[in-house]
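User: I'm new to this one. Can you walk me through it?

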Amino acid sequence: MSIAVYVPRDSAAVSVGAAEVAEAIARIAALRKLEITLVRNGSRGMFWLEPLVEVATPAGRIAYGPVAERDVAGLFDAGFLEGGAHRLRLGPTEDIPYLKNQERLTFARVGITDPISLADYEQHGGWRGLRAALAMQGPEIVEQVTASGLRGRGGAAFPAGIKWRTVLATAADQKYVVCNADEGDSGTFSDRMIMEGDPFVLIEGMAIAALAVGATLGYIYLRSEYPDAERTLYAALAAARDAGFLGPDILGSGKAFDIDIRRGAGAYICGEETAMLDSLEGKRGMVRPKPPLPAIAGLFGKPTVINNVITLASVPIILDKGARFYADYGMGRSRGTLPFQLAGNLQHGGLVEKAFGLTLRELLYDFGGGSATGRPLRAVQVGGPLGQYLPVGKFDTPLDYEAFAAAGGMVGHGGIVAFDDAVDMAWMARYAMEFCAIESCGKCTPCRIGSVRGVEVIDKVRHGERRPQNLALLRDLCDTMTHGSLCAMGGLTPGPVLSALEHFPEDFGITGPAPTTAKRS
Ligand SMILES: Cc1cc2nc3c(=O)[nH]c(=O)nc-3n(C[C@H](O)[C@H](O)[C@H](O)COP(=O)(O)O)c2cc1C
Ligand code: SF4
């Protein structure tokens, strides 16, 4: 009987040698005349254990990791195909605490199935949400999504159902569903992991959105740095089309929907939804003023649902198990789960899907294992490059959109980047401004000019040049950017700058209270 051996195809695993490990396993099995079925699965999201090799045994899957190519012969000698003892043996995969303590709804299949096997997808609950949606009218689907409490996972946390309702209510000869897969935030990779590890769930979510609002065409705007995701998505789209889940007549329903991929332009601002629309239309990605909302006049001026990958990938389970099932997870107005991404100076970087409400401390220490360097953690940036820097005193804040905002933070796309006590927070504030200067689309003055001036002023502060005056000027500048910028790029850049200043004043050479207004001379 053929034994299934799993080696991830996920690019994080491939970047540390998974392809070579898979090749060595196939070669040695052939040499030793052992019958195996090699499955290139998605990653389980425990990056410090990659390449993580799993073997299907009668007692469940047994994990070994991190496996290097040179370990493979020894694994065969140790009888790893039967789950044999070896120094890299981790035991049953599902019992590894990092995985066991998660609540995987959106990521339920990632790492378990073969990402491009339709049969595997179907066997593990795939297409049930779409089938349920096909039996409903558009308003009913929208109602389910609204009742689930699902909010946009791309950053702004806008209720998905309300956005869909607007598109549904807007009459047009053509409507679109656009999936925002630009994933530009620092320390984030959940979109990529879904697209590489379970692409059908995204396709299913987009098809449900299309049925809900009456759209017939969808685009995935894919970050150009994700070639592996692109290959996997194309393979999955072709398979879904061949099997009738996409195309002119979805599962014989008479309803049409198809999806194409557009590679991103490699600019952070192209993740902002209106700049993304410009880019999709073949123009340079520049932010459009709102109104009109994309839900009313979006792609090519037509009503368009724009949602993040994780938002859309969360929809199938809602339609399958019901709004109530999903809404039972979470706290306050943050319902369901969020796939948090642990990055930066942590021992155990990776993906942790949990219901909203756990604290930052639990993520950093219980899952993340503290800093990788062994030094104390000092600051954490949550929510990408526009997120605030949070000090140790804020680590007990629950991860919930409202509670986090009240504590001066931003959950955003759930990216968490940790820094130990060697970090220079004045330098990080400078970096935030510099990032904005580099990535600004240039449309409005507070952001285009303000960010350049911001770097200059922070440099003066760092070098001790007229420090009180320049600090006051920096605050004034941040105020102008916050209130005068056209979009959140310029509007939120002051967040990391001012939080660094507030929580780590000593890094800016401040010993007493800083002046709050500029004295102009
Ligand atoms: C500067 C900037 C960059 C953004 N980048 C992304 C991104 O990479 N991916 C994403 O899904 N949303 C991004 N957004 C948010 C989008 O504008 C938009 O809110 C989101 O795609 C809507 O989907 P959601 O409601 O499902 O979150 C960005 C916003 C701004 C202001
Ligand atoms: S805030 Fe920056 S990125 Fe946004 S529109 Fe203005 S210049 Fe463009």
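Analyst: Here are some notes on ligand 1, the cysteines and the cavity. This is a predicted model: local features need pLDDT of at least 70, side-chain atom pairs count only at pLDDT 80 or more, and totals for chains, interfaces and linings use all residues. Residues are numbered from 1 along each chain as written, chains are lettered from A and ligands numbered from 1 in written order, and side-chain values use heavy atoms, without hydrogens and water.

User: Which residues come nearest to ligand 1?

Analyst: G154, N180, N307, N308 and T311, out of 20 around ligand 1. Around means a heavy atom within 4 Å.

User: What does N307 do there?

Analyst: A polar side-chain atom of N307 lies 2.8 Å from an oxygen atom of ligand 1. Alone, ligand 1 exposes 610 Å², and the protein buries 91% of that (Shrake-Rupley areas, 1.4 Å probe). E273 brings a backbone N or O atom to 2.9 Å from a ligand 1 oxygen.

User: Switching topic. How many disulfides?

Analyst: Zero. A disulfide needs two cysteine sulfur atoms within 2.5 Å. For C436, the nearest cysteine sulfur is that of C447, 3.6 Å away.

User: And why is C478 not bonded?

Analyst: Because the closest cysteine sulfur, in C436, is 10 Å away, too far for a bond.

User: Is C478 buried or exposed?

Analyst: Buried, at 0% relative accessibility. Buried means under 20% relative accessible area, exposed over 50%, partly exposed in between (1.4 Å probe, protein chains only).

User: Which charge classes line the largest cavity?

Analyst: Its lining has eight nonpolar, three polar and one charged residues. K443 and C447 are among the lining residues.

Notes: On a 1 Å grid over the protein atoms alone, a cavity is a set of points where a 1.4 Å probe fits but cannot get out, and a pocket is an open set with protein on both sides within 12 Å along at least five of seven lines; lining residues have an atom within 4 Å of a point. Ala, Val, Leu, Ile, Met, Phe, Trp, Tyr, Cys and Pro count as nonpolar, Asp, Glu, Lys and Arg as charged, and the others, Gly among them, as polar. A polar contact is a pair of N or O atoms within 3.5 Å; within protein, one must be able to donate a hydrogen and the other to accept it, and residues adjacent in sequence count only if both atoms are side-chain atoms.
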